[in-house]
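Got the viewer open? Let's take a walk through this one, a stop at a time, with a selection to make at each.

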Amino acid sequence: MQQKLNLYNTLTRKKEVFEPIHAPFVGMYLCGPTVYGEPHLGHARSAVTFDVLYRYLKYLKYKVRFVRNITDVGHLVNDADEGEDKIAKIAKVQHLEPMEVVQHYTNVYHRDLEKLNILSPDIEPRASGHIIEQIEMIKEILENGFAYEVNGSVYFDVPAYNKNHNYGKLSGRIIEDLLSNTRETEGQDEKRSPLDFALWKKASPAHIMRWPSPWSDGFPGWHLECSAMSRKYLGENFDIHGGGLDLMFPHHECEIAQSQASHSHSDAAKYWVHNNMITVNGQKMGKSLGNFINLSELFSGNHEMLEQAYNPMTIRFFILQAHYRSTLDFSNEALQAARKGYTKLMNGLRVLDKMQYPEEGATPDEKLNEELLKLTEDCFRGLNDDMNTARTIASLFNLLKKINSLYLGQLQIGNLTRGTFDTIRETYRTLVLDILGLKEEPLGDQEDMLKLVLDFYKEAKEIKAYDKVDAIRAELKKQGIVIKDLKTGIDWAYEE
């Protein structure tokens, strides 16, 4: 396969051929969750997007170090520099230690992502475990003249930084416009400029989460943790920084500024990759808007916006059926369509498992072989074109039509070379299972029962007991299973 992976780089506003800094090694950092509540569909989109990128990079034989952080301190309400810590606020309400809240929701996050078949990162650092690294980075920024201390708090000096750098180059914002649109808010009197942001905050007497520092007992600013942890585990320059589009400004913009201000020469990541949002009726889904659906609610169907429960692989397919940089609008109809699409791909796996290359092949059909090999190549074109999973899925469906034709005898397997047959099987299975990360929802003990029911069905057909035949068909259909009477025998498939 001669195709090369291209990624859209938010920093340059264009697609670029992916060329790692130190091939074959790849460093990738993803902003993980602030663990103060259950993960929702928005969290799932980011996790699935970068899970597929991680899987594909490994398929391409890169040696990937994937770092995804856990934010457990410093993220204040309203994403500002004032107010309560989001985790500490929940801890007070529930009469728990903040780290009890952190551990509980980290466990929930891991549980739900495992159901979605998300691979674990290679390193999953917590902000609270890297206070020393964050303090050291603040010292560097202060020494370089891009920060100042006021009453025990330390702020990043955006105007000073912007004199020789470009604050806003990631998000496309212009500092003069930002200043003209900024209103004075509580706590701004400490800052030299309303655009300045906290690197370290002095803790109030009531603030639970606090650590000693050269400036005060306090806590790090939210933006600082990712700069410090990505540098610790991936170096000053690494390949990919990912996250949701809502983090581009100010979070990722501030990360770039901190990284440059601490060692004066790096944007940290070479490629900045952002997934778009999940929307509900055109409005962004999120906790702050109160229109989010927890993953556990999606899996159980226990939410007023849901008509039914949806299995995790349906949710994963729903996310994959759209390009990661496009918005994805939630609806029950879209999820039901995703279930059908997912089911169709799973049926394809079952068909491939049953197909065997004949011991004595017929004369190879050169045109048919070329057509099918082209279809397999097309399946990778979408992935290489900025991880366009929607296009890849469409290509898989085109390939599946030919697979079904081969299975039903409309095309002859013997007209394929052994190499073409193996390529079809390997391509389909690799893409569906290993790269897109879909898997068959297990039937468990039902599979043995299904075999028994099909034996009864076969017997009823042989004695022409058509009332029993119809009854068995109807009952299995209620379970989402369709019986297929083929020339080669009786088979079943998931209802599409």
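Start by selecting residues 248-263, helix α8. The model is predicted, so a quick sanity check on geometry is a nice way in: at 1.5 Å a residue, the 16 residues of α8 should span 22 Å, and the C-alpha atoms at its ends sit 21 Å apart, which agrees. Now switch on a surface and see how much of α8 is hidden. This helix is mostly covered, with 14 of its 16 residues buried.

Stay in α8 and zoom in on P250, which lies in this helix. Which kind of peptide bond leads from F249 to P250? Put a dihedral on it: the bond is cis, with omega near 5°.

There is another cis bond to look up, so jump to A23 and P24. The peptide bond joining A23 and P24 is cis, and omega is about 10° there. For the surroundings, show the strands on either side: P24 belongs to the loop between β2 (14-17) and β3 (25-30).

Next, some backbone torsions. Select A268, in the loop between α8 and β10 (269-275). Its phi is near 75°, a positive value in a residue that is not a glycine. Is A268 buried or exposed? The relative accessibility is 8%, and the cut-off for buried is under 20%, so A268 counts as buried.

Now hop over to H95, found in the loop between α2 (86-94) and α3 (98-115). H95 is another non-glycine residue with a positive phi, this time about 55°. Its setting is a contrast with A268: H95 has a relative accessible area of 73%, and since exposed means over 50%, H95 is exposed, whereas A268 is buried.

Last stop: a helix pair. Select α4 (residues 131-143) together with α7 (residues 224-234). What describes a pair like this? Two packed helices are described by the angle between their axes and the distance between the axes. Here the angle is about 100° and the axes are 9 Å apart. Angles of 65 to 115 degrees count as roughly perpendicular, and therefore α4 and α7 are roughly perpendicular to each other.

Show side chains at the contact. On the α4 side, pick E133, Q134, M137, I138 and E140; on the α7 side, pick L224, E225, S227, A228, R231 and K232. Colour them by class and you get four nonpolar, two polar and five charged residues in the contact of α4 with α7.

Conventions:
Residues are numbered from 1 along each chain as its sequence is written. This is a predicted model: local features need pLDDT of at least 70, side-chain atom pairs count only at pLDDT 80 or more; totals for chains, interfaces and linings use all residues. Side-chain values use heavy atoms; hydrogens and water are left out. Axes are lines fitted to C-alpha atoms, for helices over the stretch in contact, and angles run from 0 to 180 degrees between N-to-C directions. Helices (H or I, at least four residues) and strands (E, at least two) are DSSP runs, numbered from the N terminus. Angles under 35 degrees count as roughly parallel, over 145 as roughly antiparallel, 65 to 115 as roughly perpendicular and the rest as oblique. Contact means heavy atoms within 4.5 Å. Ala, Val, Leu, Ile, Met, Phe, Trp, Tyr, Cys and Pro count as nonpolar, Asp, Glu, Lys and Arg as charged, and the others, Gly among them, as polar. The expected span of a helix is 1.5 Å times one less than its number of residues. Buried means under 20% relative accessible area, exposed over 50%, partly exposed in between (1.4 Å probe, protein chains only).
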